[in-house]
Amino acid sequence: MKALKKLLDIIDKASTSHVLSKQEIISLLSTDRIDGQLFHAADRVRAAYVGDEVHLRGLIEFSNICKQNCLYCGLRWENTAVRRYRLQPETIIEFAAKAKDYGYKTIVLQSGEDEFYTVDKLQQIITGIKKLDLALTLSIGEKTRAEYQAYRQAGADRYLMRIETTDAGLYSALHPGMSLENRKGCLLDLKDLGYEVGTGCLVGLPNQSVESLAEDILFFKELDADMIGLGPFIPNEATPLKDAKGGTFEASLKVMAITRLLLPDANIPATTAMETLNKNGRIIALQSGANVAMPNVTEGEYRQLYALYPGKICINDTPAHCRGCITGKILSIGRKISEEYGYRKKNTVV
Ligand code: SAH
Ligand code: SF4
C-alpha cells in the first residue's frame, strides 16, 4: 500500500509542479501498477494546458535516400532491399498545395539525409511552400548551422529531429559515424536560430535501460523542446536489428505520458509507430497526453517505399482518405480539429 501511495504521490507532484527527479521517473517506468492513473493525469494536464484541439500536420516523405546507416532504420544506406526515390522540388510543392486543399495548416517535410537537396533546392522548396501560407517543419537530419540558418531565412518555422537515445554508449552503437554530441549541438543550433524545435526518442531499443529513458525525458525538459515525438522501435527485416525484440505500445505510451506531465505546454504527437502496434494507438495516445497527429499526405506509391519499419499504417491509402479517417477518430472522442497553425503556446493554462 505504502509503495502504491508513493507512486501516486509522484504522479500528483508531476501534475502540479511538472518536475520529477530521475529516480522518480524510473519508479513510474518500472511498474505497471499505476499506468491508468498516469495516463489520466497526462490527459488532464493536456486538457488544462493545450486544450481539446488536435493539430494536424500533413507529412510529406519526399526522399527515402539516406547517407546514414542507423542500425534500426529501413532507409539506412546499406539496405539494398528498398527501391529508392526522391521527389523533385515542384512535386513537393504540388503535394503541399494539395494538402492545403485538404485543410492542413502545417506541412512536415521528412526525408533521409539526401545530399541531392542542396541549400538552393531547399530554399526553392521552402519558399514555394511558404507562399501557400502554411507553417513548415523540416525533418531532414543533421546539417551545418549555416544550412539551418539558410532554411530558416527562407521561411522554415520548425525542425524535428529526434535525439533517438541520450545513452552515449547505445547512441554510438546504433549510429555508425554519427555522434550524440553533434546531434545535441544541432538541436541547440536550431533553438538558437529561432526554430520551434521538436525532438524525441525511440522506446524499446536493444539494451536500452529504464534509466536511460528517464534521462531522455529529462533531456526533453532541459532542452525545453517545443515538440516531442515518441514511438516504439519496430524491428525491420532489412536491418541488422531484424532479430531484436522491439518496443511495446504500452512502454512508449508511458514515456509519452510522463513527458506530458513534465512539459505541459509542448506539442506531442500521437505517432504512426504507436498505431502500427495497436490499431487504436493514436486515439489512446490522444487520450493519454498527446495533442497532435501527423497524417501522411504523400501521394502515390512513395509512402510504401518510405519503409522505416514494417507494418507502417496507411501505406495503401490516399491523403484524402487519411484526412477523413483521422478526423472521424478525433471527433468520435469529443475532441476538435484545430484551425490554427499550431505553434506552441508557452505556459498557458486554457
Ligand atoms: N533522417 C531524419 C528523418 C527521417 S527518420 C532523421 O533521422 O532525423 C524519422 C524517424 O524514424 C527517426 O527519427 C527514427 O526515430 C524513426 N525510425 C527509424 N527506424 C525506425 C524503426 N525501425 N522503428 C521505429 N521508428 C523508426
Ligand atoms: Fe537515415 Fe534518419 Fe533512417 Fe538514420 S533514421 S538511416 S538518418 S532516415
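In this predicted model, a polar side-chain atom of Arg 183 lies 3.1 Å from an oxygen atom of ligand 1. Of the 550 Å² of accessible area that ligand 1 has on its own, the protein covers 93%. A second side chain also reaches an oxygen atom of ligand 1: a polar atom of Glu 164 lies 2.6 Å away. Ser 111 makes its approach through the backbone. There, an N or O atom lies 3.1 Å from a nitrogen atom of ligand 1.

The surroundings of ligand 1 comprise 16 residues. Those that come nearest are Tyr 72, Ser 111, Arg 162, Glu 164 and Ile 234. Sorted by class, this shell holds nine nonpolar residues, four polar ones and three charged ones. Ligand 1 sits in the largest cavity.

Ligand 2 also sits in the largest cavity. Three cysteines, Cys 66, Cys 70 and Cys 73, belong to its surroundings. Gln 68, Arg 76 and Gly 112 complete the set. By class, the shell of ligand 2 has three nonpolar residues, two polar residues and one charged residue.

The overall fold was examined next. The secondary structure of the protein comes to 14 helices and 11 strands. Taken along the principal axes, the C-alpha atoms fill a box of roughly 60 × 40 × 40 Å. The protein has 350 residues, and a compact globule of that length would have a radius of gyration near 20 Å. The value for the protein is 19 Å, so it agrees with the figure for a compact globule.

In summary, the largest cavity holds ligand 1 and ligand 2. Polar side-chain atoms of Arg 183 and Glu 164 lie by oxygen atoms of ligand 1, while the backbone of Ser 111 lies by a nitrogen atom.

Conventions:
Residues are numbered from 1 along each chain as its sequence is written. Chains are lettered from A and ligands numbered from 1 in the order in which they are written. This is a predicted model: local features need pLDDT of at least 70, side-chain atom pairs count only at pLDDT 80 or more; totals for chains, interfaces and linings use all residues. Side-chain values use heavy atoms; hydrogens and water are left out. A residue is near a molecule or strand if one of its heavy atoms lies within 4 Å of it. A polar contact is a pair of N or O atoms within 3.5 Å; within protein, one must be able to donate a hydrogen and the other to accept it, and residues adjacent in sequence count only if both atoms are side-chain atoms. Accessible areas come from the Shrake-Rupley method with a 1.4 Å probe; for residues, only the protein chains shown count as cover. On a 1 Å grid over the protein atoms alone, a cavity is a set of points where a 1.4 Å probe fits but cannot get out, and a pocket is an open set with protein on both sides within 12 Å along at least five of seven lines; lining residues have an atom within 4 Å of a point. A molecule sits in a cavity or pocket if more than half of its atoms lie within 2 Å of its grid points. Ala, Val, Leu, Ile, Met, Phe, Trp, Tyr, Cys and Pro count as nonpolar, Asp, Glu, Lys and Arg as charged, and the others, Gly among them, as polar. Helices (H or I, at least four residues) and strands (E, at least two) are DSSP runs, numbered from the N terminus. The radius of gyration is taken over C-alpha atoms; the globule rule is 2.2 Å times the number of residues to the power 0.38.
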